[in-house]
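Here's a walk through one chain of a complex, from model confidence to contacts. Have the structure open as you read.

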Amino acid sequence: MLDDVAIKVRQNVGIVTVVLLFSILYVLYNLAHPKGFSSAVLVQNGNEIFALAMVAMAQTVPVLASGLDLSVGAVMTMVGCFASYLLTGAVGGTPLHLDIFGLHLALGTFPGGINGILLGIVLCLAIGTTAGFINGCIVVYGRIQPIIATLATGAVYIGIALFLRPTPGGKIDEDLNWALTNSLGDFAATVHIFDDGAAGWFAPVAWVPVPFVLLALIALLVWVPFRRSVLGRAVYAVGSAEGAAYMSGLPIDRAKIAAFTLAGFFAGCGGLFLAIQTSSGNADIPQAGAYTLNSIASVVIGGTSLLGGTGSAIGSIFGAMVLRVISFFFRIFDIAPLLQPLFEGLILLAAVSIGALGVLRVKNTLELFR
Amino acid sequence: MPDAVPTQGAFLALSGISKRYAGVRALEGVDFACERGKIHAVLGENGAGKSTLIKIIAGVVQPDTGTMRLAGNDVSFASPSAANAAGVVCIFQELSLMPDLSVADNISIASPPRRFGLIDARAQRRRAEELLAEIGCEDVNPLMRARDLPLSRRQIVEIAKALGKKPQLLILDEATSALTSADVEKVYAMLARLKSEGVAILYISHRMHEVEALADRASVFRNGRHIETFDKGMRSTGDIVQLMIGRDIAAQYPPKPARKAAKPMLALENLSWEGRLDRISLSIGAGEIVGLGGLDGQGQKSLLLALFGVLRGVSGRITVEGREVHAGSPAAAKSVGIALVPEDRKTEGLMLPMSIADNLAIASLSAISTGPFVDRAKESAAVKRAIARLQIKIGAPNDPVSTLSGGNQQKVVLAKWLMTDPRIILLNDPTRGIDVGTKQELYRLMRELADQGAAILFYSTDYDELIGCCDRVAIMYDGRIVRELEGSELTETNIIASALNIDAAVNGGAAHA
C-alpha cells in the first residue's frame with residue numbers, strides 16, 4: 001500500500017507542487033494582510049479567483065487531448081453578455097428585441113422572478129456548451145488544427161458579444177449577485193433556507209465563501225465523473241498516443257468533441273459568474289485575451305503537459321489561484337502593478353522548467369523531436 | 001510440393017487474399033488456415049508479407065481481394081476493434097500502449113469495468129492484477145504509468161491487455177522480442193495453457209529456436225506468397241531457410257573491384273548503448289562498402305545513429321583515420337566528415353514544404369556562405385552541380401521537394417550530404433520504397449563514391465542488395481555483430497542463417513560469435 005501511495009505522489013508531483021506552492025503563498029499573504037484569515041478576505045479572493053479558475057479548467061480539457069483552445073476567454077465574455085440580458089430578474093420579465101440591419105424585431109418577453117433566473121442560468125450554460133461543441137466539430141470534422149480553429153471561432157464569439165453589448169451595460173438580479181458572491185451564511189439568508197442561515201448546525205460553515213463552494217461542486221460533479229468516464233479516459237488516451245488509442249478501438253472523434261464541449265461549458269460557467277459578480281455584461285476584448293493567455297499559464301503551472309495526456313483540471317484550478325495570489329501580493333505590498341507581468345512570467349518559467357527536467361534523461365536525441 | 005492447407009475444421013481460413021500498397025505487391029493470392037488448440041508459426045524474411053497478413057487478419061488493413069472465414073462464417077473486419085469483438089486479438093510489434101496512462105488503465109482501455117456508468121478503478125485494478133498474475137508477472141504494479149516501465153515490462157502489459165480481451169485467435173507478432181529470458185518462459189507457459197483451452201495462436205518470430213520449441217505447425221511466406229505449410233518436425237532448419245530464400249527480380253549491380261588492403265577509415269571498438277548495442281567492433285577501410293545485415297531491429301539503426309552522434313551515453317571508441325572522435329551531435333559528426341542518409345526521409349531526411357534547392361544546400365551552408373549570409377550565386381551553382389551529378393529529375397530547383405517522386409527525394413537526401421564532401425557515408429535502408437531504376441543508379445553512385453575513397457556503411461533489409469553491393473557484410477543479432485561475411489561466403493543462405501543466429505548451411509570458415 002505504501003508503494004501505491006509513493007507511486008501516486010510521484011505521478012502527481014505537478015499537482016502536489018502547485019498545491020504546496022499555493023498554500024505557502026496564501027498563508028504568507030494572509031499573514032501580511034491586516035485582516036488576514038477573515039471571511040471577508042476569503043470572500044473577496046474567492047470572487048477574484050472564480051472566473052479564471054473556470055477558464056483554466058476549460059483550457060485543461062482540450063490540452064489533455066493535445067489541442068489548445070484559444071476561444072475560452074471569448075466564450076466566457078460572450079456568455080457574460082448573454083447573462084446581462086437573461087438574468088435581470090425584473091418583475092414582469094424583460095422584453096427582448098433584436099436590432100439588426102435597421103430592423104427592430106421584438107423577441108417577446110423573457111420571464112422574470114426566480115423561474116426566469118433559473119431558466120436564464122440554464123440558457124447561459126447551454127450557450128457556452130454549444131460554443132464548445134461547435135469548436136469540437138470544426139476541429140474533428142473540419143480537420144483544422146485546434147489552435148487556428150479556435151482562434152477563428154473565438155473572434156466570432158467576441159463579435160457576438162460586441163453585437164450584444166457594444167458598450168458595457170445590462171443588469172443582474174441583485175439578490176442573485178448578493179447570494180453568489182458572499183459567504184454561505186449570506187446565501188442562506190438571501191434564499192431563505194436554514195432559518196435564513198441562523199440554524200445552529202449551519203454556523204460552523206456559514207463563513208465559507210460561495211464561489212469556493214461552487215468551484216468545489218463543479219469540480220466534484222462535472223470534472224471528477226468525466227475523468228472517470230470512458231470518454232474522459234479516451235481524452236487522456238488521445239493526448240498520450242493517438243495512434244495507440246485508435247488501435248485500441250477508442251472513440252477518438254467523440255473524445256475530442258467532448259473535450260471542446262466541456263471546455264465550452266466550463267468557460268460558460270466562468271462568464272456567467274463574471275457577469276453576476278460585476279452585475280453587467282461587457283464585451284471587453286483585452287480582458288478576453290488576457291483570460292485566454294492566463295488560462296494556458298494556469299494549466300501549465302497546474303502540472304498539465306501541453307503535449308497532452310497527463311494532468312488534471314484540479315491542478316489547473318490551483319494554477320489559476322497561484323497566478324491570482326501573486327497579484328494579491330502586489331496589492332498589499334503596494335508594489336507597482338507594472339511589475340506584475342515580470343513576476344508572473346518568472347513563476348511561469350520556474351514551473352515549466354521543472355516539467356522539462358525529463359529531457360535530461362532521453363538517450364536517443366531524435367526522440368526529443370517526436 | 002506438399003501443400004497441406006486443411007480448410008476443413010479450420011478456425012480461421014483465408015483464401016485468395018491479395019493486397020497492394022501504392023502499386024507494390026504485399027500479398028498475392030494467399031490461402032492460409034489455422035486451427036484451434038494449435039500454435040502456428042508464420043515464417044519469412046523481411047518483406048515476405050507476414051506483417052500484411054497479420055494486419056489483414058487483425059482488421060488494421062483491408063485486403064484488395066479474397067475472403068476470410070472465421071469459425072465457418074465469412075467475416076471482414078473494418079477496424080481492430082471489430083476484429084477484437086470477434087475474438088481476434090493481436091499483440092503488435094509496435095506497442096499499442098498509451099504511455100501516460102497507468103498499467104491498469106491500459107489493460108482495460110477498450111472496455112473498462114464500470115459502476116454507475118463510471119470506470120470502477122478498484123475493479124479495474126483487480127482485473128489488471130489477475131491478468132498479470134496469469135502471465136506470472138505479479139511484480140508489475142498496475143498503478144505505474146506505462147511510460148515509467150522498462151520495455152520488457154511494457155511488452156508484458158501488452159500481452160496482459162490482449163489476454164483481457166478473451167481471445168479466440170491470438171496473434172503474437174514478435175511479441176517476445178523485448179522480453180527477458182525469464183519472462184519468455186512465463187509467456188511460453190501461458191501460451192501452452194491457452195492452447196489447451198482451445199485458443200488458436202499465430203506466432204511470428206525471427207527466433208528459430210523459439211519456433212522449434214513452440215510451434216505445432218509452420219507456414220513459410222516469400223515475396224507476398226504462401227509457399228508451404230508443414231507440421232512440426234517435417235522440415236529441418238536448413239530446409240526452412242531454403243524455403244525462405246528466392247527472389248523474382250534480380251537487380252543489376254556494378255562490378256566489385258578486387259579488394260586491396262586499405263587503411264581503415266572508420267574503426268569501432270566495443271561500442272555499447274543502453275542494452276541495444278552490445279560491444280560492437282568493426283572497421284571500414286577507405287573505398288570499402290560494408291553492409292549491415294540481419295533481421296529488422298537487431299540494433300543496425302541504433303548503430304548508425306550512434307555513429308552520427310544522435311545517441312547519448314554510448315560507450316566504446318570511435319576512430320576516424322586513426323584519430324579518436326567524440327561525436328556528441330549530428331553537427332559534430334558532420335564536422336568530422338560523417339554523413340547519414342536517415343531511416344525516414346520524410347521526417348528526418350527532408351524538410352518537405354521547403355524547396356529542392358533549400359534542401360540540397362541545408363547541410364553545407366557554411367561552405368556557400370560569406371560571413372553570416374548565404375551566397376546566392378555559390379548556392380545556385382552548388383545546387384546545379386548536385387542535381388546534375390545525381391541526375392535528379394526535377395521541374396525547377398525552387399519547387400517544393402514534396403513534389404518529387406520517392407526515388408528522386410532520396411536522391412536529394414543523398415545529394416545534400418555529398419555536397420558536404422563526407423569521408424564516411426552511413427546509409428539507413430536508402431532504397432526502401434523506391435523504384436528499380438533509381439535503385440540501380442544509387443548502387444552505381446555508392447560504388448563511385450567508394451572508388452573516390454569514401455568509406456560506406458550500408459544498412460539494408462534487402463539481402464539481395466547486400467550481396468550485390470557490399471564488399472563485406474556484418475550480420476547483427478540482438479545488438480551484436482555475430483558474423484562478418486566476405487567474398488564467396490556472401491550468399492543468401494549464409495546471410496539468413498546468420499541473421500537467424502543458427503549454424504545451418506554455413507559453408508564458410510567464419511567463426512560463430
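What follows covers confidence, domains, one lysine and the chain contact.

## How far to trust it

First things first: this is a predicted model. For the complex, the predictor gives an ipTM of 0.80 and a pTM of 0.78. Chain B comes out with a mean pLDDT of 86, and 93% of its residues reach 70 or more.

Two stretches of chain B call for some care. Over residues 1-7 of chain B, pLDDT stays under 50, and the model has 11 contacts beyond four places in sequence for them. Residues 504-513 of chain B also stay under 50, with 22 such contacts in the model. Where pLDDT is low, the predicted coordinates shouldn't be read in detail. Note that domain 2 of chain B, as assigned, runs up to residue 508.

## Two domains in chain B

Chain B splits into domain 1, covering 12-245, and domain 2, made up of 264-337 plus 422-508. Between the C-alpha centres of domain 1 of chain B and domain 2 of chain B there's a distance of 31 Å.

How many residues of each domain of chain B are in contact with the other? On the domain 1 side there are 11, and they meet 12 residues of domain 2 of chain B. Helix α8 of chain B (residues 237-244) gives the largest share of that domain 1 side, with 4 residues. By class, the domain 1 side of chain B has 6 polar, 4 nonpolar and 1 charged residues.

## A look at B:Lys384

Helix α13 of chain B spans residues 376-390, and B:Lys384 sits in it. Buried, exposed or partly exposed: which is B:Lys384? B:Lys384 counts as partly exposed because 13 other C-beta atoms lie within 10 Å, while the cut-off for exposed is 12 or fewer.

For a sense of scale, take B:Lys384 and B:Pro80: they're 304 residues apart along the chain, and their C-alpha atoms are separated by 49 Å.

## Where chain B meets chain A

The contact between the chains draws 26 residues from chain B and 26 residues from chain A. Which elements of chain B give two or more residues to the side that touches chain A? They are α2 (80-85) and β8 (118-119) of chain B. Of these, α2(B) supplies the largest share, 3 residues.

As for the make-up of the side of chain B that touches chain A, the classes are 15 nonpolar, 6 polar and 5 charged residues.

Definitions and conventions:
Residues are numbered from 1 along each chain as its sequence is written. Chains are lettered from A and ligands numbered from 1 in the order in which they are written. This is a predicted model: local features need pLDDT of at least 70, side-chain atom pairs count only at pLDDT 80 or more; totals for chains, interfaces and linings use all residues. pLDDT is the predictor's confidence in each residue, from 0 to 100. Two residues are in contact if their C-beta atoms, placed from the backbone, lie within 7 Å. Domain bounds come from an automatic or database domain assignment. Ala, Val, Leu, Ile, Met, Phe, Trp, Tyr, Cys and Pro count as nonpolar, Asp, Glu, Lys and Arg as charged, and the others, Gly among them, as polar. A residue is buried if 20 or more other C-beta atoms lie within 10 Å of its own, exposed if 12 or fewer, and partly exposed in between; C-beta atoms are placed from the backbone.
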